[in-house]
Amino acid sequence: MPVVLNEFEKIGIYDDIVKAGHKNQEGITFRKLNAQGGDVLAQLKMSFIPKDAAKYNFAGIHLGQQNVAKILLDHCTQQKTFKIVWGHRFAGIVQQEGQSPQVTVTCVGMAGEAFFTCDYLIGADGAGSSVRRSQCIPFEGFTWQDFRFVASNVKYDFEKHGGFTTANMIIDEEDWAVIARTGPGDAPWRVAFGVRTSVPESEILAQIAM
């Protein structure tokens, strides 16, 4: 989204993201299920935005997370002050006030325990962050309890065979979905949808095939 691209400009990866991704020149389309006729309910179109009112002349860049991560990693590894250590699992923290470095991090790797020291530790390991949980820091917000959010990649030309645009929101109380490109050309499309929690995890793949 533009707000993210603005941050990417600041850290110098914007050009690579745009080059690797697919520009969404259309906007977002809200539509019914194909089983209900597939009618378009509403559209947020870039063409309706006054000239010079937006920083970018597109709604966003569509690019798979793994590709974004690779671009970030490539840029990081070019920095002399950056180092990545693979194959280590976070195990715990010891913090000592008034000392430098203040934090000792324990990790577990193939060769056993490894220890790292730092002045600051950032837990950037997602919603299930082990770092955050070790400090008893809550993850505030709301979690849906009646369905699981399933994200799948599909090789299918939605534009050619379904009349879809680059980004689509399928509106339905039960069978809602987000269907969007993950990149240029024949890159897979992301189809994200909800599966009721009453469906066992072992049966989710069967639900996708349906």
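Helices and strands here are DSSP runs, numbered from the N terminus. With that in hand, Thr-165 is easy to place: look in the loop between α5 (158–162) and β9 (167–170). Keep in mind as you look around that this is a predicted model.

So how much should you trust it? The protein chain averages a pLDDT of 90, and 99% of the residues score at least 70. Confidence varies from element to element, though: helix α2 (residues 14–20) has the highest mean pLDDT, at 97, while helix α6 (residues 204–209) has the lowest, at 74. As a rule of thumb, where pLDDT is low, the predicted coordinates should not be read in detail.

Back to that loop. Is Thr-165 buried or exposed? Its relative accessible area is 13%, so Thr-165 counts as buried, the cut-off being under 20%. Its side chain makes a polar contact of 2.8 Å with the side chain of Thr-29. The side chain of Thr-165 also reaches a backbone atom, the oxygen of Ala-167, at 3.3 Å. Setting aside neighbours within four places in sequence, you'll find Thr-165 in contact with Glu-26, Thr-29, Gln-43, Glu-159 and Trp-189.

Now swing over to the start of the chain, where Met-1 sits in the segment before α1 (2–11). Met-1 has a relative accessible area of 58%, and because the cut-off for exposed is over 50%, Met-1 counts as exposed. Which residues form a nonpolar patch on the surface with Met-1? They are Val-3 and Val-4, and together with Met-1 they have about 300 Å² of accessible area.

Note on methods:
Residues are numbered from 1 along each chain as its sequence is written. This is a predicted model: local features need pLDDT of at least 70, side-chain atom pairs count only at pLDDT 80 or more; totals for chains, interfaces and linings use all residues. Side-chain values use heavy atoms; hydrogens and water are left out. Helices (H or I, at least four residues) and strands (E, at least two) are DSSP runs, numbered from the N terminus. Buried means under 20% relative accessible area, exposed over 50%, partly exposed in between (1.4 Å probe, protein chains only). A polar contact is a pair of N or O atoms within 3.5 Å; within protein, one must be able to donate a hydrogen and the other to accept it, and residues adjacent in sequence count only if both atoms are side-chain atoms. Contact means heavy atoms within 4.5 Å. pLDDT is the predictor's confidence in each residue, from 0 to 100. Patches are made of residues with over 30% relative accessible area and no salt bridge: like charges are joined within 9 Å, nonpolar side chains (Val, Leu, Ile, Met, Phe, Trp, Tyr) within 5 Å. Accessible areas come from the Shrake-Rupley method with a 1.4 Å probe; for residues, only the protein chains shown count as cover. A salt bridge is a side-chain nitrogen of Lys or Arg within 4 Å of a carboxyl oxygen of Asp or Glu.
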